[in-house]
Amino acid sequence: MSSWIGDVPHGLKAVVLLTGGMAAALIGHAIASGETAVSRLYERYVRRLDQSLRLLFMPESGRRIARIQIAAIGVVLGAHATLNVEMWWIA
């Protein structure tokens, strides 16, 4: 089974990955720098994780879990874009 991205030239793949990386960096900067809609959603998600972990008596940090999840999403999307890994295999 071939992927739709397999037919795209390597130069275009690099541009897409660079643009995606820049977008991720800008979103990360927006979260870290101040009061934006993205940072409010991120903080709300972290509070929800912390609350759930407290109810489960787990000492883990919600912020750490959220960062690991964001990194995992980036790895999965990067693998799909560069290695032609089908997304349904990962899910």
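Helix axes here are lines fitted to C-alpha atoms over the stretch in contact, and angles run from 0 to 180 degrees between N-to-C directions. The exercises below use a predicted model.

**Exercise 1. Describe how H1 and H2 pack, and classify the angle between them.**

Step 1. Take the two descriptors. Two packed helices are described by the angle between their axes and the distance between the axes.

Step 2. Read them off. H1 and H2 pack at about 75°, and their axes lie 8 Å apart.

Step 3. Apply the cut-off. Angles of 65 to 115 degrees count as roughly perpendicular. H1 is therefore roughly perpendicular to H2.

Step 4. Find the touching residues. H1 contributes Ile-27, Ala-30 and Ile-31, which meet Val-38, Ser-39 and Tyr-42 of H2.

Step 5. Sort them by character. The contact of H1 with H2 has five nonpolar residues, one polar and no charged.

**Exercise 2. Do the same for H2 and H3, and add the handedness of the crossing.**

Step 1. Locate the helices. H2 spans residues 37-55 and H3 spans residues 62-83.

Step 2. Read the geometry. The angle is about 120°, with the axes 8 Å apart. H2 is therefore oblique to H3.

Step 3. Give the hand. H2 and H3 cross in a right-handed way.

Step 4. List the contact. On the H2 side it is made by Tyr-42, Glu-43, Tyr-45, Val-46, Leu-49, Asp-50 and Leu-53. On the H3 side stand Gly-62, Arg-63, Ile-65, Ala-66, Arg-67, Gln-69 and Ile-70.

Step 5. Sort the residues. The contact of H2 with H3 holds eight nonpolar, two polar and four charged residues.

Step 6. Look for a residue in both lists. Tyr-42 of H2 meets H1, and Tyr-42 is also part of the contact with H3.

**Exercise 3. Place Ala-24: is the residue buried, partly exposed or exposed?**

Step 1. Find its element. Ala-24 sits in helix H1, residues 10-33.

Step 2. Take its relative accessible area, which is 48%.

Step 3. Compare with the limits. Buried means under 20% and exposed means over 50%. Ala-24 is therefore partly exposed.

Step 4. Check a distant partner. Gly-74 is 50 residues away along the chain, and the two C-alpha atoms are separated by 8.8 Å.

**Exercise 4. Summarise the whole protein chain: how many helices and strands does it have?**

Step 1. Count the elements. There are four helices and zero strands. In sequence order the pattern is α-α-α-α.

Step 2. Check burial. Of the 91 residues, 15% are buried.

Step 3. Check the surface. The accessible surface is about 7,100 Å², and carbon and sulfur atoms hold 69% of that area.

Step 4. Check contact range. Among contacts with a separation of 6 or more, 40% join residues 24 or more positions apart.

Technical notes
Residues numbered from 1 in each chain as written. Predicted model: local features only at pLDDT ≥ 70, side-chain atom pairs only at ≥ 80, totals over all residues. Heavy atoms only, no water. Helix = DSSP H or I, 4+ residues; strand = E, 2+ residues; numbered from the N terminus. Buried < 20%, exposed > 50% of the residue type's maximum accessible area, 1.4 Å probe, protein only. Contact = heavy atoms within 4.5 Å. Areas by Shrake-Rupley, 256 points an atom, 1.4 Å probe, with all protein chains shown as cover. Parallel < 35°, antiparallel > 145°, perpendicular 65-115°, else oblique. Left-handed = near helix turned anticlockwise from the far one by under 90°. Nonpolar A, V, L, I, M, F, W, Y, C, P; charged D, E, K, R; others polar.
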